[in-house]
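Trainee: Could you take me through one part of this model in close detail? I'd like to hear about a strand and whatever surrounds it.

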Amino acid sequence: MTTLTRDPAHPTRHGQGSRQVRLRLGGPAWLVWRQHRAAFWTLIGLTLLAVVAMVFLRGQMMDYLSDQGATSRKSGGLPADFEKHFDRIFGVGSYLAYIPVLAGVFVGAPLFAGDLESGTAKLVTSQSVSRLRWLTMKLAMPTALLALCTAVLSAVFTWWWSPVKSLSDGLSWVSFFDVTGVVPVAFTLLTFAVGAAVGMLLRRTLVSTVVTLGIVVAIEVVWNRFWRNLGHVMSVSTDQGIGPGATQPDLPAQAEQQGQGTYFLTDSGARLDWTTCLDRSEDERAYTACLESKHVVGWSIDYLPVSQMHTMQWLGAGIMLTATAAVVAFVITWGRKRLL
């Protein structure tokens with residue numbers, strides 16, 4: 001609850017300007033902020049430092065690219081000595097990928113576990129504050145702060161990465177799918193909610209932290225195996241043979257190749273594994289005859305186009321937010337009935 005109180009040191013006079021008021025938190029909001037203010041201020045401070053660092057590094061990168069001249073960038077590649085800036089982008093992107101883990105382990109897990117372990121939860125709920133109101137505020141304030149900080153970091157990193165994302169395979173959209181757009185925000189909220197639920201069930205901070213870490217890592221593994229399935233796989237193929245002079249199909253710019261690699265395409269439209277006739281590959285004539293006997297007319301490659309990136313991110317975020325809502329509903333239901 002937020003209240004407005006008039007400052008007695010500055011009484012209001014009729015007809016003189018606007019009233020001077022002081023904004024302060026009250027009730028559960030004040031308690032939640034006071035309990036977790038160290039973590040909240042740390043989160044805000046680290047976010048601001050990261051933003052300043054990324055803005056500074058982007059400025060250096062753009063100055064470097066400008067000094068290299070337009071020809072280097074129009075040629076479709078990066079200058080040979082761009083490695084320093086490449087490492088910075090990739091390194092910061094890798095660090096940002098740990099935000100969901102940190103949110104679940106250090107913000108979510110102690111949220112209720114600390115209060116249950118110390119007895120604060122029993123004290124608070126014995127007052128005039130209802131359990132529902134206390135639970136809601138405990139979840140709402142960290143959720144809002146985590147969402148805001150993660151969104152800011154994601155937006156600034158995307159702004160830094162965008163000018164060069166199409167100039168290097170190492171900086172492709174696949175490399176930073178999890179740290180751009182809405183995905184990091186949704187992922188962070190999910191791990192935070194999971195950590196809060198674990199803390200409420202286990203009621204011990206240290207145990208909850210360890211268990212939450214294991215669960216979050218498991219979620220990361222599942223997500224890394226799953227997120228490519230959110231896209232619609234497309235194919236590009238050739239039908240001009242595979243003999244001398246024939247070339248494999250080129251993928252569109254920034255496309256992510258899928259599957260086992262390049263398939264053989266037959267005249268019926270069927271596809272054969274690349275290991276077809278591999279046992280005869282040492283003899284070129286025998287190898288060619290084997291492929292011809294199977295009516296191979298060209299190659300085929302599966303890929304995910306970069307144009308699907310945002311759609312895939314929104315689908316993934318939708319799934320995560322749905323899971324988050326389910327976990328929050330469980331926390332509130334369990335907390336109202338069996339918290340103490």
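Mentor: Sure, and keep in mind that this is a predicted model. For scale, buried residues account for 38% of the 340 residues in the protein chain. The chain has 10 helices and 6 strands, and the part I'd zoom in on is strand β6, residues 296-304. Of its 9 residues, 8 are buried, so β6 is largely enclosed by the rest of the structure.

Now for the neighbours. β6 belongs to an open sheet of 4 strands, ordered β3-β6-β4-β5, with antiparallel pairing. The edges of that sheet are β3 and β5 (271-272), each of which pairs on one side only. β6 itself has β3 and β4 next to it in that order.

Take the β3 side to begin with. Strand β3 covers residues 234-237 and runs antiparallel to β6, the two being joined by 4 bridges. If you want a spot to click on, V236 sits opposite I301 of β6.

Over on the β4 side, the pairing with β6 is again antiparallel, and here there are 8 bridges, with β4 spanning residues 256-266. Two pairs help you get the register. T266 has V296 in β6 as its bridge partner, while T262 is bridged to I301. I301 is a handy residue to centre your view on: V236 stands opposite I301, and T262 is its bridge partner too. As you look along β6, remember that side chains in a regular strand alternate between the two faces of the sheet.

Away from the sheet, a helix pair is worth a look for context. Packed helices are described by the angle between their axes and the distance between those axes. Here, the axes of α6 (residues 131-161) and α7 (residues 183-202) come within 9 Å and cross at roughly 150 degrees. That angle is over 145 degrees, so α6 counts as roughly antiparallel to α7. The residues of α6 making the contact include L135, L139, L146 and A147, and those of α7 include V185, L189, F192 and M200. As for handedness, α6 passes α7 in a right-handed crossing.

Zooming back out, 76% of the contacts between residues at least 6 apart in sequence join residues at least 24 apart. The accessible surface of the chain comes to about 18800 Å², and 60% of that belongs to carbon and sulfur atoms.

Methods: Residues numbered from 1 in each chain as written. Predicted model: local features only at pLDDT ≥ 70, side-chain atom pairs only at ≥ 80, totals over all residues. Heavy atoms only, no water. Buried < 20%, exposed > 50% of the residue type's maximum accessible area, 1.4 Å probe, protein only. Contact = heavy atoms within 4.5 Å. Areas by Shrake-Rupley, 256 points an atom, 1.4 Å probe, with all protein chains shown as cover. Pairing = 2+ DSSP bridges. Axes fitted to C-alpha atoms, helices over the stretch in contact; angles between N-to-C directions. Parallel < 35°, antiparallel > 145°, perpendicular 65-115°, else oblique. Left-handed = near helix turned anticlockwise from the far one by under 90°.
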